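Colleague: I would like to learn how to read a model like this one, feature by feature. Could you take me through it?

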Amino acid sequence: MRKRSWVAPTAVALGLVATPVLWEITRFPVFYLVFVSGILFWAAQATSWNILSGYSGYFSFGQGAFFGVGVYTMAVLFGRHGWNWLFVVLLGGVAAMLLAAGIGAIAFRLRSLRGEIFALLTLAVPFILAAVVRLVDVIDGGQGIVVPVPAFPEAVAPFQRFYFVISAVVALLALTAAYLMQNNRYGWALFAVRDDEDVAEGLGVPTFFHKMIAIGINGLIGGMSGAVVALNLGFVSVEGTFNLRVPLFVIVMSVLGGRNHWAGPLVGAVYIHTLQNRLADAGFDGWSLIVLGTVLVLLMILAPDGLMSRFSRRPWQVSAAFVLVLAGLAMFGTWGEPVDWLAAALAAAAIVAFLPGRGVSPAQRGVSSVGLGESRAFGEAMKTRGENWTPEPVVTATDVAKSFGGVDALRGVSITVHEGELVGLVGPNGSGKTTLVNLLSGALRPTSGSIRLAGAEIVRLPPHQIAHLGIARTYQIPRPFSSLTVRDNIAVAIMFGREPKSLAESRAEAEEFLMLVGLTDLADVRPEQVNLHERQLLEMARAMATRPSLLLLDEALAGLNPVEIDNAVAVVRRIHGSGVSIVLVEHLLRVVIQLATRVIVLDQGRQLAEGTADVVLRDPAVVTAYMGKESHAPGD
Amino acid sequence: MTELQASIFGALTGSLFALMAVGLSMLWGFLKIINLAHFAMILLGGYLTVDLASRLGMSPVATILITAPLMFLIGALVQAGFDRFGVSELNSLLISYGLLIVTVQIVTNVWTADFQRMSPDINPLSLQSVAIGPFVFPMPTLLAAGFGTVLVFGAHLVLERTYAGRALQAFGQDRQIASAFGIDHRTLGLVLAGTAGASAAIAGMLFAVGEPLTPDSPFEWIGRVFAIVILGGIGNVTGTLYAGVLVGAISGLVSVLWSPSAAPLAVFSLVVLALVFRPNGLFPRKAGH
């Protein structure tokens with residue numbers, strides 16, 4: 001059964017509901033049309049911003065740049081040169097998308113451009129653009145540009161009605177994009193980037209590509225919306241375009257509404273635009289930025305998740321409060337005007353959402369029970385192979401070295417892992433074990449040397465391609481995607497595997513891996529609610545979900561109690577039994593002796609010894625490396 | 001000759017921007033706080049200097065006796081808030097953005113959006129200039145360069161030579177270990193943020209002495225100041241000063257050779273190149289330090 005199919009019908013159903021509602025609104029008096037058009041403009045801007053900054057966590061202060069490019073494309077090409085306005089709306093979007101792609105191509109290529117520096121760079125872009133626009137006479141030259149009223153069909157006259165219709169189209173475009181992305185791989189890639197970009201890349205998510213898609217959509221819709229609003233402005237100027245309104249408003253709206261939900265920016269736009277409107281009506285124009293700045297500060301401290309997450313905890317109570325207050329005020333009709341009623345109803349909904357007390361908590365904590373009984377179900381591939389079977393090498397590292405600014409972490413190590421092997425990688429702290437894991441998984445590039453996977457050189461490949469070729473890893477300190485459930489953590493790895501899968505298919509397939517490590521009962525809780533042992537099991541399940549031929553376990557048993565260690569050992573055996581080669585980095589020699597078919601000892605970045613566990617661990621050189629020169633081999 | 005004069009003039013102005021940048025850079029490097037409200041404090045410092053000098057007849061330079069302690073308090077108070085709510089690096093950027101917007105609007109409501117500058121009889125420095133060899137430099141620029149250089153090197157000495165300075169560096173490198181060794185990061189953080197606030201007040205005074213102020217001035221500073229922070233290396237005090245001088249000299253030169261509007265383009269191209277090739281800043285401290 002394919003559960004995937006509900007997304008598209010829901011989108012169509014929402015459209016079918018929205019269209020008559022919007023059509024009904026077109027009959028409103030002009031004042032209300034203008035009011036709703038304002039909400040639609042902000043909904044488009046904030047939603048497009050949220051697709052990049054909310055979904056992927058790359059915070060942008062540069063919305064004003066995309067908006068401004070749209071505004072000026074319309075002002076110059078339609079206002080000055082009289083091009084077809086509809087065509088120019090598209091051109092404005094494309095121009096802003098190209099700018100966005102340029103910013104992305106520079107910013108996302110650089111590892112050093114972490115989120116904070118990306119945010120600061122985007123802060124500078126609108127100011128540079130403003131300087132260019134002000135100085136170049138072909139664009140503006142500091143004089144401003146008049147934008148005449150375009151010709152529009154009689155059916156949507158007057159102009160405010162026409163403007164409402166095109167604003168609605170752009171807003172619906174933005175909301176549809178955000179809604180679809182929240183339910184498909186394009187959105188989920190961004191969620192994984194937001195939670196842990198390196199892990200996402202290591203699991204096979206092409207992070208650069210998906211960040212470029214996100215910033216491109218942000219630019220496209222931001223630019224189209226800017227081009228449309230220019231038609232309503234009549235006159236555009238540098239000061240009126242490249243100011244702080246747009247970046248500030250989209251941030252406040254999205255934070256208020258909620259950055260994790262497609263409808264969050266829409267909810268925020270409704271609240272903030274209504275608040276703005278009432279403030280202006282009451283003659284507090286000069287206060288609006290003060291109020292908004294304060295709202296932003298308070299929200300970030302008190303409710304960074306936003307309204308949507310509160311609404312979804314008690315949806316019925318919130319809707320009831322909204323409808324009752326709105327209908328009640330409308331029926332009595334003695335106080336205020338419709339926008340006041342709306343403001344009061346919105347306030348009532350927010351108050352109900354923030355009332356103390358327990359809502360439905362997102363996930364009830366389950367009880368872990370690791371079923372060892374199922375381990376036999378996983379085929380013991382090794383035994384079914386014939387007597388004359390000779391194992392092929394899976395990965396061959398030749399003379400790899402890595403230095404960090406003059407410190408040699410690895411000084412030329414050559415290892416080969418064959419099909420069906422479980423290689424124990426041991427050595428004292430600082431011997432280069434984790435560095436080797438990072439080189440094999442592509443998280444780091446070696447300073448010199450070669451790494452071949454199934455005969456193909458992988459040293460220059462990005463980690464997501466190495467993941468697709470069959471190497472998976474776990475982290476010593478588990479790094480689950482914190483905003484996704486245990487099941488969805490695994491589903492992401494399946495979705496971005498060698499063969500792309502839909503979200504529903506991936507979720508269904510995740511069951512197999514939950515069972516493999518015995519986390520079925522905890523499938524629907526968040527990683528923060530499970531203990532260290534269970535998180536380490538999740539790391540293994542998620543790595544296995546990429547269907548690797550080689551699994552790198554980096555101290556997957558660190559910090560466990562003896563019972564948990566026995567359980568984890570059983571899981572590793574089970575994974576090994578299913579035919580996957582394993583490199584096990586481990587300090588617990590008891591575990592290495594139990595599991596490894598071969599042991600490699602590293603010391604100070606060099607390979608010290610290699611062979612079966614009982615031989616290698618009695619090697620005097622190994623004992624000296626571990627215990628110091630004065631010690632004797634165990635058993636002496 | 002014009003080119004040389006422009007570069008030297010730019011370098012001198014650059015040390016004022018380095019003074020603006022150094023507080024930000026230290027808070028970012030040592031406390032993991034990106035404080036856009038720093039620009040609000042520079043702005044308030046500038047406006048208070050204009051107001052105190054115009055209304056009370058104080059010497060503009062002497063106004064820092066009032067504004068620096070005041071901004072010390074505000075800076076420490078903001079840091080206390082960040083500390084109390086355990087604000088992350090990215091959230092500090094957003095929250096302080098809110099604070100900056102609120103301040104800009106309050107300044108607009110109190111002092112109007114028009115240019116504010118002190119008349120020459122209140123601010124005689126603005127008319128003075130000093131001839132050095134073939135070059136003539138306005139007094140406010142020299143004053144800014146002097147204050148900027150002395151304060152930034154002073155901060156460097158405090159960091160290197162005192163227990164508190166070394167404790168701060170340790171805390172910037174590894175918070176948990178430093179705390180485990182008994183470093184009281186709260187008090188140190190408050191003192192550091194307060195000092196950054198005081199430096200903002202001084203930078204505001206120096207700016208007001210030389211240039212007219214508008215409520216939007218912070219948004220003209222932000223780009224250049226963060227370019228200096230990144231080029232100098234986050235948390236690197238002397239690097240900030242060198243980067244300020246470099247950015248100033250390049251801006252001055254590009255303005256003369258090409259056009260003033262091209263200066264930000266040149267500076268940001270330099271930032272992008274530096275991020276690619278020298279991610280730890282142009283002036284990394286020696287290894288093992």
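**Salt bridges, a helix and an interface**

Modeller: Gladly. Counted over all chains, there are 23 salt bridges by the rule used here. Keep in mind that this is a predicted model.

Colleague: Let us take one pair to begin with. Which residue meets Arg27(A) in a salt bridge?

Modeller: Arg27(A) pairs with Glu24(A), at 4.0 Å from N to O. The cut-off is within 4 Å, which is worth having in mind when you read that distance. For the setting, look at accessibility: Arg27(A) is exposed at 54% relative accessible area, and Glu24(A) is partly exposed at 45%.

Colleague: Those two numbers are close together in sequence. Where do I find a pair that links distant parts of the chain?

Modeller: Try Glu239(A) and Arg134(A), whose closest N and O atoms are 3.5 Å apart. Glu239(A) sits in helix α9 (residues 238-241) of chain A and Arg134(A) in helix α5 of chain A, with their positions 105 residues apart, so the pair links distant parts of the chain. Glu239(A) counts as exposed, with 52% relative accessibility, while Arg134(A) counts as partly exposed, with 38%.

Colleague: And how far apart are the closest N and O atoms of Glu511(A) and Arg487(A)?

Modeller: They are 2.1 Å apart, and the pair forms a salt bridge. Glu511(A) belongs to helix α20 (residues 503-517) of chain A and Arg487(A) to helix α19 (residues 486-495) of chain A, so this bridge ties together parts that are 24 residues apart in sequence. Glu511(A) is partly exposed, at 30% relative accessible area, whereas Arg487(A) is buried, at 15%. Salt bridges can also share partners: Arg278(A), Asp281(A), Glu337(A) and Asp340(A) are joined into one network that way.

Colleague: Arg487(A) brings us to its helix. How many residues of α19(A) are buried?

Modeller: A general idea helps here. An α-helix has 3.6 residues a turn, so residues three or four places apart point the same way. You can then check how the buried residues are spread along a helix. In α19(A), 10 of the 10 residues are buried, so the helix is largely enclosed by the rest of the structure. Among them are Val486(A), Asp488(A), Asn489(A), Ile490(A) and Met495(A).

Colleague: Which helices do the buried residues of α19(A) pack against?

Modeller: They pack against α7 (185-202), α20 and α21 (532-544) of chain A. Recall that α20 also holds Glu511(A), the salt-bridge partner of Arg487(A).

Colleague: Now a loop residue, please. Is Ser60(A) buried or exposed?

Modeller: Ser60(A) counts as buried, at 2% relative accessibility. You will find Ser60(A) in the loop between α2 (30-53) and α3 (63-80) of chain A. To read a polar side chain in such a place, ask what its polar atoms face and what else it touches. A polar atom of the Ser60(A) side chain lies 2.9 Å from the backbone nitrogen of Gly62(A). Leaving aside neighbours within four places in sequence, Ser60(A) is in contact with Trp49(A), Leu52(A), Ser53(A), Phe118(A), Thr122(A) and Ile251(A).

Colleague: Let us step back to the chain. How many helices and strands does chain A have?

Modeller: Chain A has 25 helices and 12 strands. Its C-alpha trace spans about 95 × 55 × 45 Å along the principal axes. Of the 636 residues in chain A, 54% are buried. For contacts with a separation of 6 or more, 74% are between residues 24 or more positions apart. The exposed area of chain A is about 27100 Å², and carbon and sulfur atoms supply 63% of it.

Colleague: Last, the two chains together. What area is buried between chain A and chain B?

Modeller: The size of an interface is often given as the accessible area lost when the parts come together. Here that area is about 3000 Å², with 86% from carbon and sulfur atoms. Across this interface, the rule finds zero salt bridges and zero residue pairs in polar contact, with both residues at pLDDT 80 or more. On the side of chain A that touches chain B, α5 (115-135), α10 (245-257) and α12 (288-302) each supply at least two residues. The largest share, 10 residues, comes from α5(A). By class, that side has 24 nonpolar, five polar and three charged residues. The contact as a whole takes 32 residues from chain A and 31 residues from chain B.

Terms used
Residues are numbered from 1 along each chain as its sequence is written. Chains are lettered from A and ligands numbered from 1 in the order in which they are written. This is a predicted model: local features need pLDDT of at least 70, side-chain atom pairs count only at pLDDT 80 or more; totals for chains, interfaces and linings use all residues. Side-chain values use heavy atoms; hydrogens and water are left out. Contact means heavy atoms within 4.5 Å. Buried area is the accessible area (1.4 Å probe) that two parts lose on being put together, summed over both. A salt bridge is a side-chain nitrogen of Lys or Arg within 4 Å of a carboxyl oxygen of Asp or Glu. A polar contact is a pair of N or O atoms within 3.5 Å; within protein, one must be able to donate a hydrogen and the other to accept it, and residues adjacent in sequence count only if both atoms are side-chain atoms. Helices (H or I, at least four residues) and strands (E, at least two) are DSSP runs, numbered from the N terminus. Ala, Val, Leu, Ile, Met, Phe, Trp, Tyr, Cys and Pro count as nonpolar, Asp, Glu, Lys and Arg as charged, and the others, Gly among them, as polar. Buried means under 20% relative accessible area, exposed over 50%, partly exposed in between (1.4 Å probe, protein chains only). Accessible areas come from the Shrake-Rupley method with a 1.4 Å probe; for residues, only the protein chains shown count as cover.
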